[in-house]
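Please look over this model before reading on. The notes are meant for someone who has not met it yet.

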Amino acid sequence: MKKIAIYPGSFDPITNGHVDLIKRACKLFDEIIIGIAHNSKKKAFLSINDRIDTINTALEDINNIRILSFDTLLVDFASLQNAQVILRGLRTISDFEYEYQLSAMNKHINPNIETLFMTPTEQYANISSSLIKEIIALEGDISVFVPASVKTLLKHRL
Ligand code: ADP
């Protein structure tokens, strides 16, 4: 049986922290599906297409990933994709509190899907998409925090 993990998130935008986690996780699974959560009620910074393009370019050297968007319950999306595992990153205590609740809920809805947590590599531990967006809004330099694909897109857009 193919070992498939879903790595869900907003990826708005993808950061070097996400990229590092995906590259490490790719060695542990046959396939990683990067699931871009599409929430029509939440105002997004980048469109789903821009997010797919920037992730695709950032990870073009990896061949066991797929990038999909979803607007259903995460566990439903995971079972539709035949994934056994939901992968999440844990950076801080506040991440833990939220993620613990989320994983318990998901387990309740579908006990067949396990949530696995990975901690960040130290140098990426404090990078988050929301901080990146704040820096962009204040016209700061985000180069060291995001892959080149995000920098290129923003250069064209802003
Ligand atoms: P969400 O809105 O679902 O939190 P994100 O795109 O912000 O989506 O994050 C997706 C996942 O990646 C989450 O599990 C988050 O904890 C994890 N993550 C985000 N940034 C990092 C990072 N720098 N290092 C490791 N994991 C991270």
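The numbered points below go from the whole chain to single residues.

1. **Status and layout.** This is a predicted model. The chain holds six helices and five strands. Along the sequence they run β-α-β-α-β-α-β-α-β-α-α. The pattern thus closes with two helices in a row.

2. **Overall size.** The chain has 158 residues and a radius of gyration of 15 Å. A compact globule with that number of residues would come near 15 Å, so the chain agrees with the rule. Along the principal axes, the C-alpha atoms fill a box of roughly 45 × 35 × 35 Å.

3. **Inside and surface.** Of the 158 residues, 46% are buried. The exposed area of the chain is about 9,400 Å². Carbon and sulfur atoms supply 53% of that area.

4. **Contacts and charges.** Take the contacts between residues at least 6 apart in sequence: 77% of them join residues at least 24 apart. The chain carries 17 positive and 18 negative charges. The mean positions of the two sets lie 2 Å apart.

5. **The loop after strand 1.** Look at the loop between strand 1 (4-9) and helix 1, where P13 is placed. A cis peptide bond joins D12 and P13, with omega at about 5 degrees. F11 sits in this loop too. Its phi is near 50 degrees, a positive value, and F11 is not a glycine. Most residues other than glycine have a negative phi, and most peptide bonds are trans. Is F11 buried or exposed? F11 has 1% relative accessibility, so F11 counts as buried.

6. **R51, a buried arginine.** R51 belongs to helix 2 (residues 48-58). Its relative accessibility is 5%, so R51 counts as buried; the cut-off is under 20%. Which residues does R51 contact, beyond its neighbours within four places in sequence? They are S10, F11, D12, I36, A37, A44 and L46. F11 and D12 in that list bring back point 5: F11 has the positive phi, and D12 is joined to P13 by the cis bond.

7. **V85 in strand 4.** V85 lies in strand 4 (residues 85-89). V85 is buried, at 11% relative accessible area. T115 is 30 residues away along the chain, yet the two C-alpha atoms are separated by 5.7 Å. Neighbours within four places aside, V85 is in contact with I4, A5, I6, F29, I113, E114 and L116.

8. **T119, on the outside.** Turn to the loop between strand 5 (114-118) and helix 5 (129-137), where T119 is found. T119 is exposed, with a relative accessible area of 51%. That is a narrow call, because exposed means over 50%. T119 touches R24 and L90, leaving out residues up to four places away in sequence. T119 and L21 are 98 residues apart in sequence, but their C-alpha atoms are 8.2 Å apart in space.

9. **Helix 5.** The buried residues of helix 5 are S129, I132 and I136. They cover an arc of only 55 degrees around the axis, which puts them on the same side of helix 5. An α-helix has 3.6 residues a turn, so residues three or four places apart point the same way. What do the buried residues of helix 5 pack against? Their partners are helix 1 (16-25) and helix 6 (148-157).

10. **After helix 5.** E139 follows helix 5. E139 is placed in the loop between helix 5 and helix 6. Its phi is positive, about 60 degrees, although E139 is not a glycine. E139 is exposed, with a relative accessible area of 74%. F11 also has a positive phi, but F11 is buried.

11. **Helix 6.** S149, V150, L153 and L154 are the buried residues of helix 6. Seen down the axis, they fall within an arc of 125 degrees, so they line one face of the helix. A148, K155 and H156 are exposed on the other side. The buried residues of helix 6 pack against helix 2 and helix 5. R51 is in helix 2 as well.

How values were computed
Residues numbered from 1 in each chain as written. Predicted model: local features only at pLDDT ≥ 70, side-chain atom pairs only at ≥ 80, totals over all residues. Heavy atoms only, no water. Helix = DSSP H or I, 4+ residues; strand = E, 2+ residues; numbered from the N terminus. Rg over C-alpha atoms; globule rule 2.2 N^0.38 Å. Buried < 20%, exposed > 50% of the residue type's maximum accessible area, 1.4 Å probe, protein only. Contact = heavy atoms within 4.5 Å. Areas by Shrake-Rupley, 256 points an atom, 1.4 Å probe, with all protein chains shown as cover. Lys, Arg positive; Asp, Glu negative; His and termini not counted. Charge placed at Lys NZ, Arg CZ, Asp CG, Glu CD. Arc of directions from axis to C-beta.
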